[in-house]
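Hi,

Here is the structure I promised to pass on. Have a look at it first, and then read on for what turned up in it.

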Amino acid sequence: MSSLRFVFLFLLISLSASAQKDYKLWLQYNAVKNTALPAEYKNNLKGIVVLGNSETIKIAEKELQKGFQDMLDISPEIKSDLKGENNLIIGSKSALNSEIKNELKSDFDKINEEGFIIKSISLKSKKQIIITGKNDVAVLYGVFNFLRILQTNKSTQNLNIADSPKTNIRILNHWDNLDRTVERGYAGFSLWNWQKLPDFIDQRYIDYARANASIGINGTVLTNVNANALILTPQYLEKVEALANVFRLYGIKVYLTARFSAPIEIGKLKTADPKDVEVIKWWKNKAAEIYKRIPDFGGFLVKANSEGQPGPQNYGRDHVDGANMLADAVAPFGGVIMWRAFVYSEHDANDRAKQAYAEFQPYDGKFKENVIVQVKNGAIDFQPREPFHPLFGAMPKTPLMMEFQITQEYLGFSTHLVFLPKLFQEVLESDTYQKGKGSTVAKVIDGTLYPNKLTGIAGVANIGNDLNWTGHPFAQANWYGFGRLAWNPYLDSETIADEWLRCTFSNDDNFIQPVKNIMIESREAVVNYMTPLGLHHIMDTGHHYGPGPWVSNLSRPEWNPTYYHKADKNGIGFDRSKTGTNATAQYAPEVEKLFDNLETCPEKDLLWFHHVSWDYKLKNGETLWNGMALKYQEGVNQVEAMQNVWKKAEKYIDNERFHEVEMLLEIQYKEAKWWCDACLLYFQQFSGKELPAGVEKPTQTLDYFKSLKFPFAPGNG
Ligand code: GCV
């Protein structure tokens, strides 16, 4: 072979090896180098005892084999009997003998249906490790958790873990269209290859299910909330069934979005009125048809009477009528309706932030018991920072589920490194005070505050068919972190970052510490360079790419950034206090008081709740104008600092991912500067003040920034 060809081949092989790293997400199973673990296992582990033979148990068995092989370079024997000691036993409760069941009695009492036990036990004086749960999927969750212990370099001595998910529905919402475009998707096209389904099962479907199971996600809505009724036709249901068959083995239920007008569009009815008997019958039959194919079908997610989507109000009915009609259709099969509270009207000029609460709160207690209302984390729309949605805690008789956005529609697409669990944690920890101090959003979501049977967390997926799934290597952490928080909404984002880095890159502390710091700081950085001090919704129109605080010409008032920042000569910010729209009154009195008073309102939310003069003194003594300008600059500086830290990471990880992140950080820096310059130049027109010392001069004129057009920016549904 000529040396040139050899070099070429070598390059190809090493390239594909690194590309695989990107693809493997947090399931790298890197060799465990720096602990006594390999020795401990090589010498001691006698075999894996597999009890049960379902497909799911086989998946668990294979996963363990792979983990041991890749991480510890051992291939323990697979056995079905319990002879000898130092075995690793896996199997669900029903497959265990009475001696083990007795040994674990109190542990089983501690877990719910999906929970798992990982425990070092002694059977007839012989030491064993057991991974079990009340069903096979729970065992699979336990296996992934056990492997994570190895991946993160923790000890496996004296294991004693009993862990259960705190929410029932832990679900990804894919805003995927049938033509494979993804609304607000920045990682390529949809994973679902409808054209080749049902006969062609892409390996990606299996890998997707495996990744989700590894973090406890148990549901997926395959289609966009801006729905297409065609998905409910037999032609497509056959394809959905094929996906459900793959996902089921990993404990993942399939859900679909229901277009409210489907009875007209595909059912040839004249109306979709939820009180019409033919319509009611049509949905009942449709549900029966779906459940015949997919007995464990999860149910429907519905966006109704929102942003042009049809709904019950088209027929003079309300959200309760619509949701309950669908709830009746799926109830006989155990299905659930997730009804979205993301509603706002162009006919209400007062304050968009108040509308979902105003419309939904009075419905408390009126929904059927298999309806759960899905509420976005904040009252506007997935901004870099929003105070928690006032509906949380305000509907005690209605199950509410959280909707987070994992895809970064308003946070730099898949180009910016932003670790979202930090944002998610901030929301979950927020105290609603609805039942006194300590009534956190997390407690509303997991049913602790008001005991609801249904609980859940949804995340708008950031997954596409890009090689690395999520566009940015670090956006994988947001998928991972979402899953971990859906399982346990009380987890700390720093712990999640630590786990993810170890599982994805390396256990070397010299790498972990600085890079974890980048992740933790990244959310505040994006707030600073896009929307500091409570600013919101000042992005450009349609695609939402880049700054557009000047936009004021859109047909609906509440689509215009000027509606939100209200900058004028006197100051800036949306007055939602008593002197303004009184949106603060939608919160519990303690929170209302806090937000309403300029003195006590947290500065991070200042301009969300108050219109403040340019000379207003911030807590650090700066005027609002200077403080705002310095915050924008701080955001840019933070990205620069992230770049500097990342440069030092080169020696710890593979070239490909290192360079990908390096290039992306460079774009992030440029875009941070773009946001900073464009916003400051624009707001400066109103403040009439110079930029303070420490803020770099803008690189272009305001006219230049205003002239930028991006007709093909991705994700624009
Ligand atoms: C799926 C925002 C997004 C839309 C999205 C909508 C929603 O308005 O820009 O793309 O539509 O939220 O959550 O329904």
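The largest pocket takes lining residues from both domain 2 (169-491) and domain 3 (505-574 + 612-717), so it lies between the two. Keep in mind that this is a predicted model. Besides those two, the domain assignment of the protein lists domain 1 (19-163) and domain 4 (575-610). If you go by C-alpha atoms, the centres of domain 1 and domain 4 are 51 Å apart.

Back to the pocket. The space in the largest pocket comes to about 440 Å³. Its lining is made up of 26 residues, and Arg184, Glu307, Tyr344, His544 and Trp559 are the ones nearest the centre. Sorted by class, that lining has eleven charged, nine nonpolar and six polar residues.

And where does the ligand sit? In the largest pocket. There are 15 residues around the ligand, and those that come nearest are Glu183, Lys303, Arg340, Lys376 and Glu409. The shell counts eight charged residues, with four nonpolar and three polar ones alongside.

Some distances to go with that, each from a polar side-chain atom to an oxygen atom of the ligand: Glu183 is at 2.5 Å, Lys376 at 2.6 Å and Arg340 at 2.7 Å. On its own the ligand has 340 Å² of accessible area, and the protein covers 96% of that.

I also went through the enclosed spaces. How many cavities of 30 Å³ or more does a search of the whole structure find? Eight. The largest cavity has a volume of about 130 Å³. It is lined by 19 residues, and Tyr410, Met530, His544, Gly546 and Trp675 are the closest to its centre. You will have seen His544 before: this residue is also listed among those nearest the centre of the largest pocket.

If you open the model, I would begin with the ligand and Glu183, Arg340 and Lys376, whose polar side-chain atoms lie 2.5 Å, 2.7 Å and 2.6 Å from ligand oxygen atoms, and then turn to His544.

Cheers

How values were computed
Residues are numbered from 1 along each chain as its sequence is written. This is a predicted model: local features need pLDDT of at least 70, side-chain atom pairs count only at pLDDT 80 or more; totals for chains, interfaces and linings use all residues. Side-chain values use heavy atoms; hydrogens and water are left out. A residue is near a molecule or strand if one of its heavy atoms lies within 4 Å of it. A polar contact is a pair of N or O atoms within 3.5 Å; within protein, one must be able to donate a hydrogen and the other to accept it, and residues adjacent in sequence count only if both atoms are side-chain atoms. Accessible areas come from the Shrake-Rupley method with a 1.4 Å probe; for residues, only the protein chains shown count as cover. On a 1 Å grid over the protein atoms alone, a cavity is a set of points where a 1.4 Å probe fits but cannot get out, and a pocket is an open set with protein on both sides within 12 Å along at least five of seven lines; lining residues have an atom within 4 Å of a point. A molecule sits in a cavity or pocket if more than half of its atoms lie within 2 Å of its grid points. Ala, Val, Leu, Ile, Met, Phe, Trp, Tyr, Cys and Pro count as nonpolar, Asp, Glu, Lys and Arg as charged, and the others, Gly among them, as polar. Grid points are joined across faces, edges and corners, and a volume is the space filled by probe spheres set on the points. Domain bounds come from an automatic or database domain assignment.
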